[in-house]
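Work through the exercises below with the sequence and the model in view. Try each task before reading its solution.

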Amino acid sequence: MNIEFSDRLKKLPPYLFVEIDKAKRAARAQGRDIIDLGIGDPDTPTPDFIIEAMNKATKDPANHRYALDNGLLDLRKAIAEWMNARFNVTLDTEKEIHPLIGSKDGIAHLPLALINPGDVVLVPDPRYPPYYSGSIFAGAKVKILPLEEKNGFLPDLKAISARGGSAFGGKKAKLIFVCYPNNPTASVASRDFYRRLVDICLNEEIIIASDAAYSEIYYDNEKPPSILEIEGSRDIAIEFHSLSKTYNMTGWRIGWACGNEKLIAALAKVKSNVDSGIFQAIQVAGIAALQSDQAHPEKMRKVYCQRRDALIDGLVDLGWQVAKPKATFYIWAKIPKQFKSSMEFAKLLLDKCDVIATPGVGFGEFGEGYIRFALTVGVSRIKEAVSRIGKLFI
């Protein structure tokens, strides 16, 4: 039998991180000492107190059943308390919060809740891939918003209203994705940016999906804001948060969406039809994380700051001009001029240096010419990576 993939699936490029993982495993199978600065997966373990909360919860038979679709009330309360303490944002635990199997889960499913075939979605480029793939799965027509260095890797807000109002077939844009602190560029957005974005999207009636997965990885005590701090945002915005990076819980798969209650209800309806909620013992672990003294995120900020400085100082010593990011655990750098493409440079790093980095073009066409390094190995390994990379410049 000839099995054909759907047209939607055919529109998607290979998922970059799967391809990187294949290359990494192949290299290690050859016995090579690979330094992996590719995928943004924290290398240090989940804190013990979170693991202990999980272990205790697994022994409770009440947690062995299907979870409620909207999560434990205690988890939603913990989320509301955390959002209030961190951003001074007050949320209704019944209507304005929905726990997720990781924020990626909600981001990828949101277009299914809002988009009809042919509707227009504004997607930043470079981007986290699910903004694009989730929109394609929903049958959207995607319009690209370039994130360029000259604009601080922020979308051109003046262009949003024009793009929103003159889309395919005369249709206006229905949804826009934004991500700050940004993956992959590590750029940050100010309250003023969010204020202007909210004003424009209110005027154009464009829903805002804000990905805030990296809100707790910041430096120099410059805390990134939430879009929900902005007046009027509750009318049009939904924000996604994750415990993955904040508490080193990437494999646990837990996060949440919060914001406009109709958007939350729409996402929740999709979710109730595709899964049965988060394993309750993991929800209990999430409660422990959110209700902790937040010493762990502070500790990790210091760790990533040391790694950031080690990598950038080393690259600068090689003659590579790279700015220090104010947030995330990524370094977004222009590839050296002697290399033609980010794929070529990433391949050379693996083949000649046994260093894995992510080619910028994997995040979209406007990522071409850049490379992303993840700060997910220790300082000594970062210095070793710099030493290996330095041989390319000799």
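**Exercise 1.** Find which residues Ile176 touches, not counting residues up to four places away in sequence.

Solution. Step 1: apply the contact rule, which asks for heavy atoms within 4.5 Å. Step 2: list the partners of Ile176, leaving out residues up to four places away in sequence: Leu122, Leu145, Ile160, Leu197, Cys201, Ile206, Ile207, Ile208 and Ala209.

The model is predicted, so local features need pLDDT of at least 70 and side-chain atom pairs count only at pLDDT 80 or more, while totals for chains, interfaces and linings use all residues. Residues are numbered from 1 along each chain as its sequence is written, and side-chain values use heavy atoms, with hydrogens and water left out.

**Exercise 2.** Place Ile176 in the largest nonpolar core and describe a second core.

Solution. Step 1: a nonpolar core is a set of buried Ala, Val, Leu, Ile, Met, Phe, Trp, Tyr and Cys residues joined through side-chain atoms within 4.5 Å. Buried means under 20% relative accessible area, exposed over 50%, and partly exposed in between (1.4 Å probe, protein chains only). Step 2: the largest core has 63 residues, and Ile176 is among the members that touch the most others, together with Met83, Ile160, Leu197, Ile208 and Met249. Step 3: helix H4 (residues 73-87) gives the largest share of this core, seven residues. Helices (H or I, at least four residues) and strands (E, at least two) are DSSP runs, numbered from the N terminus. Step 4: a second, separate core has 35 residues, including Trp320, Tyr330, Ile371 and Val377. In soluble globular proteins, nonpolar side chains tend to be buried together.

**Exercise 3.** Classify the ring pair of Trp320 and Phe373.

Solution. Step 1: rings of Phe, Tyr and Trp (its six-membered ring) pair if their centres lie within 6.5 Å; planes under 30 degrees apart count as stacked, over 60 as edge-to-face and the rest as tilted. By this rule there are 16 aromatic pairs. Step 2: the centres of Trp320 and Phe373 are 6.0 Å apart and the planes stand at 75°, so the pair is edge-to-face. Step 3: Trp320 is in the loop between helix H11 (295-317) and strand E9 (330-334), and Phe373 is in strand E12 (residues 370-374), so the pair ties together parts that are 53 residues apart in sequence. Step 4: Trp320 is buried, at a relative accessible area of 5%, and Phe373 is buried at 0%.

**Exercise 4.** Describe the sheet that holds E9, E12 and E11.

Solution. Step 1: two strands pair if DSSP finds at least two bridges between them. Step 2: the three strands form an open sheet in the order E9-E12-E11, with antiparallel pairing. Step 3: E9 and strand E11 (358-359) each have a single partner strand and stand at the edges, so one side of each is left without a neighbour in the sheet. Step 4: five bridges join E9 to E12, and Tyr330 has Ala374 in E12 as its bridge partner.

**Exercise 5.** Check Cys179 and Cys258 for a disulfide.

Solution. Step 1: a disulfide is a pair of cysteine sulfur atoms within 2.5 Å. Step 2: for Cys179 the nearest cysteine sulfur is that of Cys258, 14 Å away, and Cys179 is in no disulfide. Cys258 is in no disulfide either. Step 3: the count of disulfides is zero. Step 4: Cys179 is buried, at 1% relative accessibility, and Cys258 is buried, at 0%.
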